[in-house]
Amino acid sequence: MRQLKHHEKKLLRKVDLYSWKGENTIRAAKIMRRYLIQNRDDFTSYTKLVGMVKSLSAKLKTLPSDDNFRIEMTGQLLDKLFNMGILQNTKSLQKAEEITVSAICRRRLPVVMVRMKMAEHLKAAVTFIEQGQVRVGTNVVTDPAFLVTRNLEDFVTWVDTSKIRRTIHKYNDKLDDFDLL
């Protein structure tokens with residue numbers, strides 16, 4: 001490597017090239033690859049959400065255990081996390097403090113589709129979603145970052161005009177002549 005000129009040395013004096021702000025990039029890349037997260041901003045928003053939940057639960061733990069506000073807010077927080085599908089039960093505030101980004105990523109629409117066996121793997125699920133083949137309730141979803149709650153999990157289906165839906169119904173001998181129109 002060539003010798004740095006004076007102005008280059010001056011610019012790099014306060015820069016440390018060996019350690020930088022994002023040191024969890026390996027962990028982030030691993031999670032993004034496992035759950036096929038395409039946008040890094042989605043991952044950072046999930047980490048911020050996890051941090052906010054952890055800080056809120058830590059603040060709630062500092063309150064006295066018989067405080068009415070603590071009991072009410074703890075119940076609301078645990079119910080919200082349970083309804084989103086991030087927690088498995090609403091028994092303790094300790095579980096809210098232990099949530100991870102992976103728990104939120106497991107509620108993404110492509111992961112739910114693979115779990116429901118609507119797609120064989122995540123890449124196919126993301127492709128179906130981006131093509132507009134999937135709907136949640138009555139809304140067609142084209143964003144793979146859509147988080148599916150426990151209530152909406154039962155309403156993840158194919159769009160009525162989808163070729164995949166038609167093929168599945170044809171295979172199961174449930175194809176209606178009215179659907180062919």
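The face of helix 2 that is turned away from its buried side carries the exposed residues Ile26 and Arg33. The model in which this is seen is a predicted one. On the buried side of helix 2 are Ala28, Ile31 and Met32. Viewed down the helix axis, these buried residues fall within an arc of 100°, so they line one face of helix 2. An α-helix has 3.6 residues a turn, so residues three or four places apart point the same way. Among the elements that cover the buried residues of helix 2 are helix 3 and helix 6 (101-105).

Just after helix 2 comes Leu36, with a positive phi of about 55°. Leu36 has this positive value although it is a residue other than glycine. The residue lies in the loop between helix 2 and helix 3. Its relative accessible area is 26%, and Leu36 is therefore partly exposed, the class that lies between buried, under 20%, and exposed, over 50%.

Beyond this loop the chain enters helix 3 (residues 40-62), which packs with helix 4 (residues 68-84) at an angle of about 155°, the two axes being 10 Å apart. Because of that angle, helix 3 is roughly antiparallel to helix 4, a description that applies to angles over 145 degrees. The crossing of the two helices is left-handed. Helix 3 contributes Val53, Leu56, Ser57, Leu60 and Lys61 to the contact, and helix 4 contributes Arg70, Met73, Thr74, Leu77 and Leu81. By class, the residues of this contact divide into six nonpolar, two polar and two charged.

After helix 4 the reader reaches Gln88, in the loop between helix 4 and helix 5 (93-97). With a relative accessible area of 64%, Gln88 is exposed. Leaving aside residues up to four places away in sequence, Gln88 touches Phe82 and Arg150. Between Gln88 and Leu78 the C-alpha to C-alpha distance is 9.9 Å, and the two are ten residues apart in sequence.

Helix 8 (residues 122-131) can be read in the way helix 2 was. Its buried residues are Leu122, Ala125, Val126 and Ile129. These cover an arc of only 100° around the axis, which means that they are on the same side of helix 8. On the other side of helix 8, Lys123 and Gln131 are exposed. The cover over the buried residues of helix 8 includes helix 2 (25-34), helix 7 (109-115) and strand 1 (134-136). Helix 2 thus takes part in covering helix 8, while its own buried residues are covered by elements including helix 3 and helix 6. Following helix 8 is Gly132, with a positive phi near 85°.

A further positive phi is found at Asp173, where the angle is about 55° although the residue is not a glycine. Asp173 lies in the segment after helix 9 (163-171). Its relative accessibility is 71%, so Asp173 counts as exposed, whereas Leu36 is partly exposed.

Notes
Residues are numbered from 1 along each chain as its sequence is written. This is a predicted model: local features need pLDDT of at least 70, side-chain atom pairs count only at pLDDT 80 or more; totals for chains, interfaces and linings use all residues. Side-chain values use heavy atoms; hydrogens and water are left out. Buried means under 20% relative accessible area, exposed over 50%, partly exposed in between (1.4 Å probe, protein chains only). Helices (H or I, at least four residues) and strands (E, at least two) are DSSP runs, numbered from the N terminus. The arc is that of the directions from the helix axis to the C-beta atoms. Contact means heavy atoms within 4.5 Å. Axes are lines fitted to C-alpha atoms, for helices over the stretch in contact, and angles run from 0 to 180 degrees between N-to-C directions. Angles under 35 degrees count as roughly parallel, over 145 as roughly antiparallel, 65 to 115 as roughly perpendicular and the rest as oblique. A crossing is left-handed if the near helix is turned anticlockwise from the far one by less than a right angle, and right-handed if clockwise. Ala, Val, Leu, Ile, Met, Phe, Trp, Tyr, Cys and Pro count as nonpolar, Asp, Glu, Lys and Arg as charged, and the others, Gly among them, as polar.
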